[in-house]
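Me: I have just opened this entry and would like to be walked through it. Could we go topic by topic?

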Amino acid sequence: MLQSVSAATDLDLISYLKAIPDSRMRRGVRIPAWYLLLVAVLGILSKCESLRDLARFARRHHGVLTTALGLELRRPPSDSALRYFFLQVDVTALCAATRDWTIAQIPGSAADLDQLICDGKTLRGSIKPTAGGGSAFIAQVTLYSAALGVAIAQAYYATGENHERAVLKKLLGELDLDGVLIQADALHTQQPFFDSSRSSGPTSC
C-alpha cells in the first residue's frame, strides 16, 4: 500500500505547498512561498511556458486569487521575484509534496494498488553536446499507475550528475510498496538494484 509521508493532512494542494520549507532569507520577503508555488502550478496548467508568462498570469488574476485566498498583497510577483524564488526552492521537498498530494487524492490512498510502471523520458530541448562527443540531457523518471491513471511519483536528474537506476531506487525507497509489482525496462533488472533498494516489501521487475 502506498502511504503519504508529508506533514500535511488536508486534501487541498495549498496545505501541501505550505509544508514546503521556504529557503529564502526572511528579511524582505513579502509574498509567501506557498503562494508563489500555487501561482506556478496554476500558470503551468494554463499553458504558461516562461517566468514572464507566469508573471503576466499572476498580474491578470491577482485580484481574484488574493480575494479567494484571503491575502493582502499590494502587488503580484514579478518575473524577477519568481526567478529569485525558484533558484532557491527546495526541489526535493516540492516533488515530495506533489507526490503526497497526488496519493492523498486517491480513494484509500491507493490501498488496492498492486502494480506500478517505471518510465524514463528525456526532456525536450535539454540535450547538449559534451566535449567528449557525447551528449548530456535532463531526464524524468516517473512511477505510473495504469489502473488509477495517475503518476504516483516522479523525479528529474541531469545525466552528468545522476543515473536513472539511482533515481528510481530513491523514488521506491520513499514509498511503502509492500506487495506492489514494479515494472521497469532491462536497465533496472541487475541484481545489485534489488540488494540496495530501500523500498519495503517484495517488489519485482
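Me: What does the secondary structure of the protein come to?
Reply: The model, which is a predicted one, has eight helices and six strands.

Me: And which pattern does the protein follow along the sequence?
Reply: Read along the sequence, the order is α-α-α-α-α-α-β-β-β-β-β-α-β-α.

Me: How many of the residues count as buried, as a percentage?
Reply: The protein has 205 residues, and 34% of them count as buried.

Me: What about contacts between residues at least 6 apart in sequence? Which share joins residues at least 24 apart?
Reply: Among those contacts, 55% join residues at least 24 apart.

Me: Let us turn to the interior. Which residues of the largest nonpolar core touch the most other members?
Reply: That core has 26 residues, and those touching the most other members are Leu17, Trp34, Tyr35, Leu37, Val39 and Phe85.

Me: Which helices each supply at least two residues of this core?
Reply: They are H1 (13–18), H2 (33–45), H3 (51–60), H5 (79–88) and H6 (91–105). Helix H2 gives the most to this core, namely eight residues.

Me: Back to Phe85. What is Phe85 in contact with, leaving aside neighbours within four places in sequence?
Reply: With those neighbours set aside, Phe85 contacts Asp22, Arg24, Ala33, Leu36 and Leu37.

Me: Which residues does the second core include?
Reply: The second core is separate and has 19 residues, among them Ala139, Ala153, Leu168 and Leu172.

Me: Where does helix H7 lie in the sequence, and how many of its residues are buried?
Reply: Helix H7 spans residues 164–173 and is mostly covered, with seven of its 10 residues buried. The buried residues of H7 are Glu164, Arg165, Val167, Leu168, Leu171, Leu172 and Gly173.

Me: New topic: aromatic rings. How many aromatic pairs are there?
Reply: The count comes to two aromatic pairs. One of them is formed by Trp34 and Tyr35, whose ring centres are 6.1 Å apart.

Me: Why is the pair of Trp34 and Tyr35 called edge-to-face?
Reply: The planes of the two rings stand at 90°, and an angle over 60 degrees counts as edge-to-face.

Me: Are those two residues buried or exposed?
Reply: Trp34 counts as buried at 13% relative accessibility, and Tyr35 counts as buried at 0%.

Me: Which residue lies over the face of Trp34?
Reply: Lys18 does, at 4.9 Å from the ring centre.

Me: Now charged pairs. How many salt bridges does the structure hold?
Reply: The structure holds four salt bridges. One of them joins Arg56 and Asp53, with the closest N and O atoms 2.6 Å apart.

Me: Where do Arg56 and Asp53 sit relative to one another?
Reply: Both belong to helix H3, and because they are three residues apart there, about one helical turn separates them. Arg56 is partly exposed at 40% relative accessibility, and Asp53 is partly exposed at 21%.

Me: What about Arg99 and Asp100? How do their side chains meet?
Reply: They meet in a salt bridge at 3.1 Å, N to O. Arg99 is buried at 6% relative accessibility, and Asp100 is buried with a relative accessible area of 2%.

Me: And which residue does Lys121 meet in a salt bridge?
Reply: Lys121 meets Asp119, at 3.9 Å from N to O. Here Lys121 counts as exposed, at 51% relative accessibility, whereas Asp119 is partly exposed at 35%.

Me: Switching to cysteines: how many disulfides does a search of the whole structure find?
Reply: The search finds zero disulfides.

Me: Are Cys48 and Cys95 buried or exposed?
Reply: Cys48 counts as buried at 13% relative accessibility. Cys95 is partly exposed, with a relative accessible area of 24%.

Me: One last item, the backbone at Lys47. What is its phi?
Reply: Lys47 has a positive phi of about 75°, although it is not a glycine. For context, most residues other than glycine have a negative phi.

Me: Where does Lys47 lie, and is Lys47 buried or exposed?
Reply: Lys47 lies in the loop between H2 and H3. Its relative accessible area is 71%, so Lys47 is exposed.

Technical notes
Residues are numbered from 1 along each chain as its sequence is written. This is a predicted model: local features need pLDDT of at least 70, side-chain atom pairs count only at pLDDT 80 or more; totals for chains, interfaces and linings use all residues. Side-chain values use heavy atoms; hydrogens and water are left out. A disulfide is a pair of cysteine sulfur atoms within 2.5 Å. Buried means under 20% relative accessible area, exposed over 50%, partly exposed in between (1.4 Å probe, protein chains only). A nonpolar core is a set of buried Ala, Val, Leu, Ile, Met, Phe, Trp, Tyr and Cys residues joined through side-chain atoms within 4.5 Å. Helices (H or I, at least four residues) and strands (E, at least two) are DSSP runs, numbered from the N terminus. Contact means heavy atoms within 4.5 Å. Rings of Phe, Tyr and Trp (its six-membered ring) pair if their centres lie within 6.5 Å; planes under 30 degrees apart count as stacked, over 60 as edge-to-face and the rest as tilted. A charge sits over a ring if NZ of Lys or CZ of Arg is within 6 Å of the ring centre and within 35 degrees of the ring normal.
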